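Colleague: I've got this one open in the viewer and would like to go through it with you. Shall we start from a single residue and work outwards?

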Amino acid sequence: MEIPQNDFERLVFFEHARKTAEVAYAADPLDADNLTRWGGALLELSQFQNGVDTVKYVEDAVSKLEEALEINPRKHDALWCLGNAHTSRAFYTPEHDAAKVYFAKATQCFQKAVEEDPENVMYIKSLDLSAKAPELHLELQSQIASQQVSQGTSSASSAKATKSKKKKNSDLKYDILGWVILAVGIVAWVGMAKSHAPPTPPPR
C-alpha cells in the first residue's frame, strides 16, 4: 500500500481510510489500532480543509486518539499521532500563549512515545522538533502580521508585488511546517495500514 503523490489521490486515499475506520468502529469500538488509524486519517484530511473545518478535523483526530489511549494508555503510535495533532492545533492557533499549551501537550505525548519505544527514530526526532516549535510559531505569526501590515499600507501596485513575495515566503514556511508535522506521519500511518493489508501476491 503506497501513499499517492497527487493531492486529490491522497484526499481520496485518506477519506477511504476514514470511512473504513468508521465502519470498523461500529463493529468493535474497543479496537485501539483502528481508532489510531482513524485519528491519523482525520489528521491528514485536515490539510485539505479551510478555516474552522481544519481545526474541527484536528480536534476530531485528537478525540479518536485519546479514545485509543483510554483503551491502551501505552500505545506509542497513538501517543505519537496525538503529539502531531496537538502540534497541528498549536500552529492553527494565532495566540502564542494558547499555542504554547498545545505545544506542551504535544511534547508530553512525544516524550511518552519515546519512553514506550526508545529506539524509534521518528519519535525521537519529533520530540527534538517539538522543542523548536514555539519559536517557529512566533516567527510564522510575525511573518503573517508583517504581511498584513504591508498590504494595508502599500499602494495597490506595490502591494501586489509585496503580496507575491510574501506569499512565496509564507508558502515555504507552511511547506516546512507541513513536513515537520505530517510528512513523517504518513510513513507511520502506512506502516500501520500495511500490518492490516492483505498479503501481496507473489510476482509471476
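Colleague: Okay, which helix is Val58 found in?
Modeller: Keep in mind that this is a predicted model. Val58 belongs to the helix covering residues 52–71, and that helix is H3.

Colleague: Is Val58 buried or exposed?
Modeller: Anything under 20% relative accessible area counts as buried. Val58 has a relative accessible area of 0%, so the verdict is buried.

Colleague: And which residues is Val58 in contact with, leaving aside its neighbours within four places in sequence?
Modeller: One of them is Leu43, 15 residues away along the chain, with 5.5 Å between the two C-alpha atoms. The full set for Val58 is Leu43, Ser46, Ala85, Ser88, Arg89 and Tyr92.

Colleague: Some of those numbers fall in H4. How many of the residues of H4 are buried?
Modeller: H4 covers residues 76–91 and reaches 23 Å from its first C-alpha to its last, close to the expected 22 Å. The helix is largely enclosed by the rest of the structure, because the buried count is 15 of the 16 residues.

Colleague: Which residues have the most contacts inside the largest nonpolar core?
Modeller: That core has 25 residues. H2, H3, H4, H5 and H6 each supply at least two residues of it. Those with the most contacts inside are Trp80 and Leu82.

Colleague: There's another core apart from it; how many residues does that one have?
Modeller: Among its members are Ala90, Ala99, Ala133 and Leu140. Its total is seven residues.

Colleague: Moving along the chain, where does Thr93 lie, and is it buried or exposed?
Modeller: Thr93 sits in the loop between H4 (76–91) and H5 (96–116). Setting aside sequence neighbours within four places, Thr93 touches Ala98, Ala99, Tyr102, His137 and Gln141. Its relative accessibility is 6%, so this loop residue counts as buried.

Colleague: Now H5: within what arc do its buried residues fall, seen down the axis?
Modeller: H5 has 21 residues and spans 30 Å, close to the 30 Å expected. The buried ones are Ala99, Phe103, Ala106, Cys109, Phe110, Ala113 and Val114. An α-helix has 3.6 residues a turn, so residues three or four places apart point the same way. The buried residues of H5 line one face of the helix, because they fall within an arc of 135°.

Colleague: Which residues are exposed on the other side of H5?
Modeller: To count as exposed, a residue needs over 50% relative accessible area. On that side of H5, the exposed ones are Asp97, Gln108 and Glu115.

Colleague: How much should I trust all this; where is confidence lowest?
Modeller: The mean pLDDT is 79, with 72% of residues at 70 or more. H5 has the highest confidence, at a mean of 96. At the other end, with a mean of 46, is H7, residues 156–194.

Colleague: And how many contacts does the model have for residues 183–202, beyond four places in sequence?
Modeller: I'd take these with care. Over residues 155–166 the pLDDT is below 50, and that stretch has eight contacts beyond near neighbours. For residues 183–202 the pLDDT also stays under 50, and the contact count there is 30.

Colleague: Last one: how many helices and strands does the protein have?
Modeller: From the N terminus on, the elements run α-α-α-α-α-α-α. So the tally is zero strands and seven helices.

Methods. Residues are numbered from 1 along each chain as its sequence is written. This is a predicted model: local features need pLDDT of at least 70, side-chain atom pairs count only at pLDDT 80 or more; totals for chains, interfaces and linings use all residues. Side-chain values use heavy atoms; hydrogens and water are left out. Helices (H or I, at least four residues) and strands (E, at least two) are DSSP runs, numbered from the N terminus. Buried means under 20% relative accessible area, exposed over 50%, partly exposed in between (1.4 Å probe, protein chains only). Contact means heavy atoms within 4.5 Å. pLDDT is the predictor's confidence in each residue, from 0 to 100. The expected span of a helix is 1.5 Å times one less than its number of residues. The arc is that of the directions from the helix axis to the C-beta atoms. A nonpolar core is a set of buried Ala, Val, Leu, Ile, Met, Phe, Trp, Tyr and Cys residues joined through side-chain atoms within 4.5 Å.
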